[in-house]
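Here are my notebook pages from a first look around. Keep the picture open beside them as you read.

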Amino acid sequence: MEIPFNVKERPDTGLYNGKLGVWFFLASEVMLFGGLFSAYIFLRNGVEYWPHGTDYLDVPLATLNTLFLISSSVTMVMSWASLKLNDFKKFKLYCGVTLLFALAFLVVKYFEYSAKFAHDPPYLPSTNNFLGIYFTMTGLHVLHILGGMLVIGYYFGPGSKMWNTEPERFTNRIEIVGLYWHFVDLVWIFLFPVLYLL
Amino acid sequence: MSPEEVKHHIKTYIIVFVALMFLTVVTVAISYLDIGVVPGIALGLFVASIKASLVACYFMHLIDERTTIYWTLIATAISFLILIFLPIGAMLAQARVY
């Protein structure tokens with residue numbers, strides 16, 4: 001059975017189904033992270049003293065990670081644009097670079113977390129509310145990075161075969177993977193100042 | 001979308017990329033300003049909102065999207081605001097009790 005409207009737009013929504021589905025999913029993601037931002041406000045305002053991010057966190061490393069994620073967002077959208085221009089080789093290049101930036105983000109995060117655990121006494125989620133919400137929010141964000149890498153990696157590798165048989169459908173898939181990836185970048189754009197700088 | 005339109009989009013992506021890099025530096029610089037906690041938070045979040053708008057409008061193409069998505073996002077934004085203002089409402093209620 002053929003799945004309808006995965007290339008052509010549905011007349012009533014003006015969108016192909018996958019795109020609308022991803023936007024609904026992103027709406028649920030806004031609520032997921034929104035709940036945690038809400039908890040952050042609640043925790044921060046409920047105490048007399050709230051530590052500054054620099055008391056516990058490494059701002060230069062987080063700035064580097066911000067630059068990695070922004071760069072990965074650009075290469076992701078460029079991989080979609082390459083497909084629109086029928087340039088599969090450039091798609092592969094940009095997609096690969098996106099994965100490398102994502103990996104770089106995770107490596108930096110690994111060093112950041114390791115430094116917290118190695119500190120004497122160790123900085124753990126149970127140490128205080130600041131570190132609790134820091135590990136919860138950044139941990140959830142890291143899980144989203146891992147999920148994104150899995151999907152981008154699939155379309156960079158075995159999933160890219162679809163380009164030979166259904167190029168338009170493949171281009172649409174890259175567009176909606178990109179929407180998810182940009183959302184992950186967008187969350188970090190707020191996490192960075194909220195946790196590290198303010 | 002024609003190849004010419006895509007090429008025009010690519011130019012926009014590069015400009016947005018440079019703007020995002022610059023605003024990241026601005027965000028970090030703001031944290032070193034001695035302007036007090038509340039103005040610091042307000043300014044930091046304002047710059048973050050500009051960055052987020054750039055990503056949403058240009059990388060996610062929200063600047064030129066279908067009405068269905070705009071309605072979905074309006075519903076999401078209302079729900080999100082309720083979620084964010086819940087703790088503030090709770091704090092105000094608590095302040096009235098004590």
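**A serine and its surroundings**

I began with Ser82(A): neighbours within four places in sequence aside, Ser82(A) is in contact (heavy atoms within 4.5 Å) with Asp87(A), Lys90(A), Phe91(A) and Tyr94(A). I found Ser82(A) in helix α3 of chain A; helices here are DSSP runs (H or I, at least four residues), numbered from the N terminus. Ser82(A) is buried, with a relative accessible area of 4%. Buried means under 20% relative accessible area, exposed over 50%, and partly exposed in between (1.4 Å probe, protein chains only).

**Ground rules**

I noted that this is a predicted model, where local features need pLDDT of at least 70 and side-chain atom pairs count only at pLDDT 80 or more, while totals for chains, interfaces and linings use all residues. Residues are numbered from 1 along each chain as its sequence is written, chains are lettered from A and ligands numbered from 1 in the order in which they are written, and side-chain values use heavy atoms, with hydrogens and water left out.

**Cysteines**

I looked for disulfides (cysteine sulfur atoms within 2.5 Å) and the structure holds zero over all chains. I also checked two cysteines: Cys95(A) is buried, at 1% relative accessible area, while Cys57(B) counts as partly exposed at 25%.

**Helix α1 of chain B**

I compared the span of α1(B), residues 3-31, with what its 29 residues should give at 1.5 Å a residue: 42 Å is expected, and the end C-alpha atoms are 42 Å apart, which agrees. The expected span is 1.5 Å times one less than the number of residues.

I then listed buried residues in α1(B), among them Val6(B), Ile10(B), Tyr13(B), Leu20(B) and Ile30(B). The buried residues of this helix pack against α3 (59-84) and α7 (167-197) of chain A, together with α2 (37-59) of chain B.

**Where the chains meet**

How many residues of chain B are in contact with chain A? I read off 43, touching 47 residues of chain A. The two chains bury about 3,900 Å² between them, 84% of it on carbon and sulfur atoms; buried area is the accessible area (1.4 Å probe) that two parts lose on being put together, summed over both.

I found two salt bridges between chain B and chain A, a salt bridge being a side-chain nitrogen of Lys or Arg within 4 Å of a carboxyl oxygen of Asp or Glu. The side chains of Glu9(A) and Arg66(B) form a salt bridge at 3.2 Å, N to O. On the side of chain B that touches chain A, α1, α2 and α3 (67-97) of chain B each supply at least two residues. There, α3(B) gives the most, with 13 residues.
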